[in-house]
Structures are given as C-alpha cells and as structure tokens.
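Hi,

Here is the structure I promised to pass on. Have a look at it first, and my notes follow underneath.

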Amino acid sequence: FRVEINKTTSSILFEGNHTLDHRHNTDAQDISRGGAICSRSSGCWIAHNYGPIVFNYNQAGKGGAVQSATECSINNNTGKIVFSNNSAIGWHSTTPKGNGGAIQTLKEFYLQNNTGPIYFDSNSATHVGGAIDCNHLNIQENGPIYFLNNSAAWGAAINLSKTAAATNYIHSGSGDIVFNNN
C-alpha cells in the first residue's frame, strides 16, 4: 500500500519518532526503517498540501524520517517543507549502514512543483546520504531549496545508489538550490 499525505490545509508535524532495533549484532538498518513514515511495499506521496510540513528529530536504521520501498514523491505543495535533525543510525556489527538521514528510497525521489521553501537541515546518516539516499532523483520547478549542515560518510547532502540506469534532474525552477556546509 502507498502512504499518502494529500490535500491537507493545516500544519503537519512529525517530531521525535524513532524505529530502532537495539539487538546486538543485527542488521538494524533493515529491521528499523522510517522514523516517521515507512512504506515497505510501495511508495510515499506527499502532495497537494497547503500548510507547513515538518519532519524534526526522527531516527531509524535507514530513512531517518521517511523510508520507501519504491518511489518517494513530494509534489505540488504550497507551504514550507522542513526536514531537520533526522538521522539514520543503522549498524551491522561494527560497520555503519545507516542510509538517508531524512529520506531513503530504493528507487526514485521526486521533488517537484512545490512553491514554498524546502529545507534539509542538519540531517545525518552513519553511511550514505546525509539528507537523501535514492537510486535516482528528479528535482524540478520548486521554490528555494536549502541543503544545510547535513552529514554522512559519503554524499553528505545526496547519495545516488544507481542500482539501475536512470537520468537525474536538478533544475532550480523559480527558486535557488543552495548546498552549504554539507
């Protein structure tokens, strides 16, 4: 089933959620997914919302705020969108395996036609994709987008896993795209 957050007019806040496996020597990154939202068999769509949407201080083994088995789509929203202080902290024995501090998806990540500002700020992953880990991405026609202070071993802002051939798009639209201190 696809997870949808669609056509809301009020604020949406996901704060302080976590899905962590505390068992020793397990693949926590595979067991604990999506600190706020997890769609294990389909996609995640956040679309046509009018108020601010905030994901703050969420944790998981992978996908600190959102983890999706297929695509993750954030499209046609008008309010501010914030992913801040989320973390993917998965480990296997002594090896970091946390992917996607804010968002992790095995396939496409779409960020399109959002008019309000979008912030990916201070997200972290123990392995790859401090803010976003995906196979390929399509960022087009948005207001301003800020990637600020995100961290990971590889791809502090964005990691492209490239498990399949794909074209990636980053187009600023009506707003700047800023990468700073990642």
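**What I found**

Strand S4 and strand S8 (residues 66-68) run parallel, with 3 bridges pairing them. If you want a spot to start from, Ile37 sits opposite Val66 of S8. Bear in mind throughout that this is a predicted model.

That pair belongs to an open sheet of 5 strands, and the pairing in this sheet is parallel. Reading across, the order is S4-S8-S14-S18-S21. At the edges are S4 (37-39) and S21 (158-160), each of which pairs on one side only. From one strand to the next, the twist averages 5 degrees.

There is also an open sheet of 6 strands, again with parallel pairing. Its order is S1-S5-S9-S15-S19-S22. Here the edge strands are S1 (3-6) and S22 (169-170), and each has pairing on one side only.

Within the 6-strand sheet, have a look at S15 (residues 108-112) and S19 (residues 136-140): they run parallel and are joined by 5 bridges. Gln112 has Gln140 in S19 as its bridge partner.

One residue I went through in more detail is Ser73, which lies in strand S9 (residues 72-75). S9 comes between S5 and S15 in the order of the 6-strand sheet. Is Ser73 buried or exposed? Its relative accessibility is 6%, and the cut-off for buried is under 20%, so Ser73 counts as buried. As for what surrounds Ser73, leaving out neighbours within four places in sequence, the residues in contact with Ser73 are Cys44, Trp45, Ile46 and Tyr110. Tyr110 falls inside the range of S15 (residues 108-112), the strand listed right after S9 in the sheet order.

Now for the chain as a whole. How many helices and strands does the protein chain have? The count is 1 helix and 23 strands. Of the 182 residues in the protein chain, 49% are buried. Contacts reach a long way along the sequence: taking those between residues at least 6 apart, 82% join residues at least 24 apart. On the outside, the protein chain exposes about 8,100 Å², and carbon and sulfur atoms supply 50% of that area.

If you only open the viewer briefly, I would go to Ile37 and Val66, then to Gln112 and Gln140, and finish at Ser73 with its contacts, including Trp45 and Tyr110.

Cheers

Key:
Residues are numbered from 1 along each chain as its sequence is written. This is a predicted model: local features need pLDDT of at least 70, side-chain atom pairs count only at pLDDT 80 or more; totals for chains, interfaces and linings use all residues. Side-chain values use heavy atoms; hydrogens and water are left out. Two strands pair if DSSP finds at least two bridges between them. Helices (H or I, at least four residues) and strands (E, at least two) are DSSP runs, numbered from the N terminus. Axes are lines fitted to C-alpha atoms, for helices over the stretch in contact, and angles run from 0 to 180 degrees between N-to-C directions. Buried means under 20% relative accessible area, exposed over 50%, partly exposed in between (1.4 Å probe, protein chains only). Contact means heavy atoms within 4.5 Å. Accessible areas come from the Shrake-Rupley method with a 1.4 Å probe; for residues, only the protein chains shown count as cover.
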